[in-house]
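Work through the three exercises below with the sequence and the model at hand. Try each task before reading its solution.

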Amino acid sequence: MTGAEAIALTERYQMGNYARFPVTFVRGEGSWLYDDAGKPYLDFLGGIAVVLLGHACPEVTRAIAEQAGKLLHVSNLFHVPSQARLGERLSLATTGGKVFFCNSGTEANETAIKIARKGSSDRRGPGRHEIVVLEGSFHGRTYGGLSATAQPKFHQGFEPMLPGFTTVPFGDIGALEAALTDRVCAFFFEPVQGESGVRMHPQGYLKEAESLCRRKGILFVADEIQTGMGRTGAFLACQSVGVTPDIVTLAKGLANGLPLGAVVANEAAAAALVPGTHGSTFGGNPVCCAAALAVLDAVTAPGFYGEVVRKGERFRAGLQAIADRRSDVRDIRGMGLMIGMETEGETKPVAARCLEAGLVVNAAAGNVLRFLPPLTVRDEEIDRALSILSAALPAEGRTA
Ligand SMILES: Cc1ncc(COP(=O)(O)O)c(C=O)c1O
């Protein structure tokens with residue numbers, strides 16, 4: 001099938017909810033994607049923080065093939081060896097809590113919402129069901145995840161949202177303290193807000209938020225769907241910041257491209273889910289779990305996080321060098337290999353020019369370019385991406 005045929009079929013038979021670029025990728029290897037005409041593209045989006053170990057990673061492919069040859073699916077009415085092993089590995093890599101497996105980020109957050117409300121109701125009776133979220137958050141597209149997403153543009157036309165979600169301004173610890181009333185069971189946050197433009201909390205904010213939640217008996221819930229799995233230079237971004245969530249949600253990079261989500265909750269919070277309260281037919285699928293075990297082997301290997309940090313610094317230094325020759329770059333920020341560059345103008349046309357020149361990047365929040373390359377990206381690929389980007393930025397912002 002040609003790319004043009006794929007585009008025509010998609011437009012004819014699929015719903016119009018995605019604004020797709022007119023490009024059809026048919027193959028990938030490492031940090032590279034290839035379209036139907038064989039044109040190479042450097043992938044600095046990684047399927048939006050999914051392809052942690054690069055495309056066609058041999059270890060992941062081997063794990064998938066081996067498991068697929070043995071058993072594709074078994075109901076969660078039974079025990080699943082790859083799922084059992086992954087539960088242990090994820091618990092040990094995160095908070096030591098108990099794990100629930102699902103298929104996506106939004107489902108992981110749905111689960112966290114259910115755990116928070118049910119746990120609160122079990123322990124303290126009804127009425128303490130409110131969830132506090134941050135302005136600019138993104139927690140998913142199902143009604144629970146969407147209700148927790150404090151960005152009105154995603155709600156438009158889909159109202160009413162679920163009741164019991166309160167939004168507080170970003171970075172304002174006083175506002176958070178005031179919002180954490182005795183009707184609140186949980187505070188949800190992303191350690192770095194991805195979809196709203198790689199927004200970083202002010203220094204010390206998360207530590208203060210954690211101690212407020214502890215003092216008031218409110219669950220401190222980290223959505224690490226984008227930041228987790230080594231992306232920011234530690235298994236969890238919370239570990240770099242020095243906070244310990246009661247509940248953490250993961251998905252995206254967990255299985256390097258196969259659909260898998262997970263929730264890790266401490267013993268007390270996890271006790272909310274007893275038989276019959278929650279479930280997922282495909283959650284913790286044997287093949288997805290086998291892929292995730294290969295991902296965990298790679299990201300927890302000695303020296304891996306140090307390399308993520310080093311490469312992130314190399315890329316940021318290169319972005320800074322570009323910014324120094326321009327008048328229209330407002331900020332460069334991020335952690336590890338989750339990096340944003342905020343500019344004066346719209347970044348969609350820049351992302352489109354990058355794509356044309358063979359670099360996949362993402363325009364987030366209107367005026368931010370977001371970079372989420374595979375964590376295995378090589379130095380020379382970083383340098384190549386920087387030179388394509390530099391040429392794709394608008395000529396009028398150039399000062400040197
Ligand atoms: C922080 C965060 N939470 C939740 C989600 C939703 O994940 P999914 O698209 O797998 O449902 C995303 C996706 O972009 C995300 O970045």
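A crossing of two helices is called left-handed if the near helix is turned anticlockwise from the far one by less than a right angle, and right-handed if it is turned clockwise. The model used here is a predicted one.

**Exercise 1. Two helices**

Task: Describe how helix α3 and helix α12 cross, and state which residues make the contact.

Solution:
1. Two packed helices are described by the angle between their axes and the distance between the axes.
2. Locate α3 at residues 58-70 and α12 at residues 286-299; their axes come within 8 Å and cross at roughly 150°.
3. Angles over 145 degrees count as roughly antiparallel, so α3 is roughly antiparallel to α12.
4. Viewed with the definition above, the crossing of α3 over α12 is right-handed.
5. On the α3 side the contact is formed by E59, V60, A63, I64, E66, Q67 and A68. On the α12 side the contributors are P286, V287, A290, A291, L293, A294, V295, D297 and A298.
6. Sorted by class, this contact of α3 with α12 holds 12 nonpolar, 1 polar and 3 charged residues.

**Exercise 2. A strand with two partners**

Task: In which sense does strand β11 pair with β10, and in which sense with β12? Are the residues of β11 buried or exposed?

Solution:
1. Strands of a sheet pair through backbone hydrogen bonds, either parallel or antiparallel.
2. β10 (residues 219-223) pairs with β11 in the parallel sense, over 3 bridges. Here V221 has I247 of β11 as its bridge partner.
3. β12 (residues 261-265) pairs with β11 in the antiparallel sense, over 4 bridges. T249 is bridged to V263 of β12.
4. In a regular strand the side chains alternate between the two faces of the sheet.
5. In β11 (residues 247-250), I247 and T249 point one way, while V248 and L250 point the other way; all are buried.

**Exercise 3. An open sheet and a helix**

Task: What is the strand order of the open sheet of 4 strands, and which helix packs on this sheet?

Solution:
1. The order is β13-β14-β17-β16, and the pairing is antiparallel.
2. The edge strands, β13 (329-335) and β16 (362-364), each pair on one side only.
3. Neighbouring strands of this sheet are turned by 25° against each other on average, direction ignored.
4. Helix α13 (residues 304-324) packs on the sheet and touches β13, β14 and β17 (368-371). The direction of α13 makes about 180° with that of β13.
5. For the pair β13 and β14 (residues 338-343), count 6 bridges. In this pair V329 stands opposite T343 of β14.

Conventions:
Residues are numbered from 1 along each chain as its sequence is written. This is a predicted model: local features need pLDDT of at least 70, side-chain atom pairs count only at pLDDT 80 or more; totals for chains, interfaces and linings use all residues. Two strands pair if DSSP finds at least two bridges between them. Axes are lines fitted to C-alpha atoms, for helices over the stretch in contact, and angles run from 0 to 180 degrees between N-to-C directions. Two residues are in contact if their C-beta atoms, placed from the backbone, lie within 7 Å. A residue is buried if 20 or more other C-beta atoms lie within 10 Å of its own, exposed if 12 or fewer, and partly exposed in between; C-beta atoms are placed from the backbone. Angles under 35 degrees count as roughly parallel, over 145 as roughly antiparallel, 65 to 115 as roughly perpendicular and the rest as oblique. Ala, Val, Leu, Ile, Met, Phe, Trp, Tyr, Cys and Pro count as nonpolar, Asp, Glu, Lys and Arg as charged, and the others, Gly among them, as polar.
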